[in-house]
Every structure is written in structure tokens, then in C-alpha cells.
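Biologist: Hi! Could you walk me through this model?

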Amino acid sequence: MTREFTCIVCPNGCRIAVEYEIPAAAGASAPVIRSISGNLCPRGIEYVTQELTDPRRTIATSVLVEGGELPLASVRLTAPIPRDRIFDAMAVIRTLTVQAPVTAGTILVHDLLGLGTDVLVTRDVPAR
Ligand code: SF4
């Protein structure tokens, strides 16, 4: 199989082409990379390997603030989570409402969905 990726590890954004196989052995699911090209550094190989075996994404969004100078406070995850859990994570984050004042660095949810990541406030919102 062949796939192309755009590496997002650094601003170079290398277009990386990879040929790989999924082993036929029972229970095997980790792809075996046969060739890789287009990466300017080894981190591109790590990125593609992660994408093929366990793709992860992070979330940067906002939550509602009650009684604040702004209606929303920006938040992000402290670590990426499996891509197929993004919708579950967003469903939880959408339910969050915080009371002003809100301070950057505050953890709103610890170990979100048991995924080993927290929901972190990234912007202060003073009270009205
Ligand atoms: S392969 Fe290396 S140089 Fe290219 S985008 Fe990825 S990290 Fe940057």
C-alpha cells in the first residue's frame, strides 16, 4: 500500500510518501514500512509511523464562561488523544461551563475519559 502524508512536526511541512504492508500473520496489525521518501529529517519517519499505527490529535477549543468579561475561555488538551476519540472528548468539553474569573493554567477536567490528558484553560477571563 502507498500513502502520502504532510508532516506537521515542524513548519517545513514535508510531503512524505510511504510504502507499507500489513502483515498477514494472525493478530498482526502493525504496518511494516517498506520505503519512505520526502522527509528532510528522521522525525518525519517517527511521525508517519505514529500516523500508521496510532494516529493522535489534540483539541484547541473554548468553553462557556458565566459572569466574565468574555463569553468564552480558550482551552486545549495537555496531550494528544487517539483520533477516533476526538468526538467523545468534544462531547464532554461542550458540556463545560466555568464561573469567572477564569485563570490560564487551570485544569477543568483531569484525565479526560481516562485518556491520560487534561483540559487546560489557556486564557484568563476576568469577572465582569
Ligand atoms: S520531516 Fe523533519 S523537516 Fe520535514 S516537516 Fe517533518 S520534522 Fe520537519
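Modeller: Sure, we can go from the overall layout to the ligand and then the sheet.

Modeller: This is a predicted model, where local features need pLDDT of at least 70, side-chain atom pairs count only at pLDDT 80 or more, and totals for chains, interfaces and linings use all residues. Residues are numbered from 1 along each chain as its sequence is written.

Biologist: How many helices and strands are there in the protein chain?

Modeller: The protein chain has 2 helices and 10 strands, counting DSSP runs numbered from the N terminus (helices H or I, at least four residues; strands E, at least two). The radius of gyration, taken over C-alpha atoms, is 19 Å, well over the 14 Å that the globule rule (2.2 Å times the number of residues to the power 0.38) gives for 128 residues, so the chain is more spread out than a compact globule.

Biologist: And what does the C-alpha trace span along its principal axes?

Modeller: About 60 × 35 × 15 Å.

Biologist: Switching topic, which residues are around the ligand?

Modeller: Among them are Cys7, Cys10, Cys14, Cys41, Arg43 and Tyr47, where near means a C-beta atom, placed from the backbone, within 6 Å.

Biologist: Nice. What is the strand order in the open sheet?

Modeller: Its 5 strands run E8-E5-E6-E10-E9, with mixed pairing; two strands pair if DSSP finds at least two bridges between them. Strands E8 (97–99) and E9 (107–109) stand at the edges, each with a single partner strand, so one side of each has no neighbour in the sheet.

Biologist: In what sense do E6 and E10 pair?

Modeller: Antiparallel, with 3 bridges between E6 (residues 72–77) and E10 (residues 119–121). Val75 stands opposite Val121 in E10.
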